[in-house]
Amino acid sequence: MFFGLTFEKVLLIAAIAGLLIGPERLPRYAELLAQTVKRVRAFAQGAQTRVREEMGPEFDDVDWRKLDPRQYDPRRIIREALLEDDTPPAVAPERVIAPPRPAGPMVRQHFTAAEPPPFDAEAT
């Protein structure tokens, strides 16, 4: 139906609203709801007419399903982008060489929070 609600759920919501609102105010709220739905429909129809007028004959050529934001699945988009380039690279990528390790044994130094580590000007 709308917003993923089935007819049974809408009927249950209407019954609960009828009990909460009460029989004396229910007709007035039902009339307000009907007027609101009519206004929303008129607004949507007016917007569609205005877009059709501004776009001209190109309006009928637009594939509106391609512009539907519900079709965009980030996982699918990434998968297609990664599989898009099927040709292998012409040159093999260079091997990444790790930086040399320091000579000698590694000595761990522990400092307290009150005593910051010494600054080594030669290392920078």
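1. Buried here means under 20% relative accessible area, exposed means over 50%, and partly exposed is in between (1.4 Å probe, protein chains only). Asp63, with a relative accessible area of 32%, is therefore partly exposed. Across the protein chain, buried residues make up just 2% of the 124 residues.

2. A word on the source: this is a predicted model, where local features need pLDDT of at least 70, side-chain atom pairs count only at pLDDT 80 or more, and totals for chains, interfaces and linings use all residues. Numbering starts from 1 along each chain as its sequence is written, and side-chain values use heavy atoms, with hydrogens and water left out.

3. On confidence: pLDDT is the predictor's confidence in each residue, from 0 to 100. The protein chain has a mean of 77, and 65% of its residues reach 70 or more. Confidence is highest in helix 2 (residues 26–55), at 91, and lowest in helix 3 (residues 74–83), at a mean of 83.

4. The fold reads α-α-α along the sequence, with 3 helices and 0 strands (DSSP runs numbered from the N terminus: H or I of at least four residues for helices, E of at least two for strands). Helix 1 has 15 residues and reaches 21 Å from first C-alpha to last, close to the 21 Å expected; the expected span is 1.5 Å times one less than the number of residues. Gly22 follows helix 1, with a positive phi near 95 degrees.

5. Have a look at the surface of the protein chain, which exposes about 12,700 Å², 63% of it from carbon and sulfur atoms (Shrake-Rupley method, 1.4 Å probe; for residues, only the protein chains shown count as cover). Leu12, Ile16 and Leu20 form a nonpolar surface patch with about 330 Å² of accessible area together. Patches take residues with over 30% relative accessible area and no salt bridge, joining like charges within 9 Å and nonpolar side chains (Val, Leu, Ile, Met, Phe, Trp, Tyr) within 5 Å. Leu20 sits in helix 1 (residues 7–21) and counts as exposed because its relative accessibility is 68%.

6. The whole structure has 4 salt bridges (a side-chain nitrogen of Lys or Arg within 4 Å of a carboxyl oxygen of Asp or Glu). One of them joins Arg65 and Asp63 (3.8 Å, N to O); Arg65 is exposed, at 67% relative accessibility. Another pairs Asp73 with Arg75 (3.5 Å, N to O).

7. Which helix holds both Arg76 and Glu80? Both lie in helix 3, 4 residues apart, about one turn, and their side chains meet in a salt bridge (3.2 Å, N to O).
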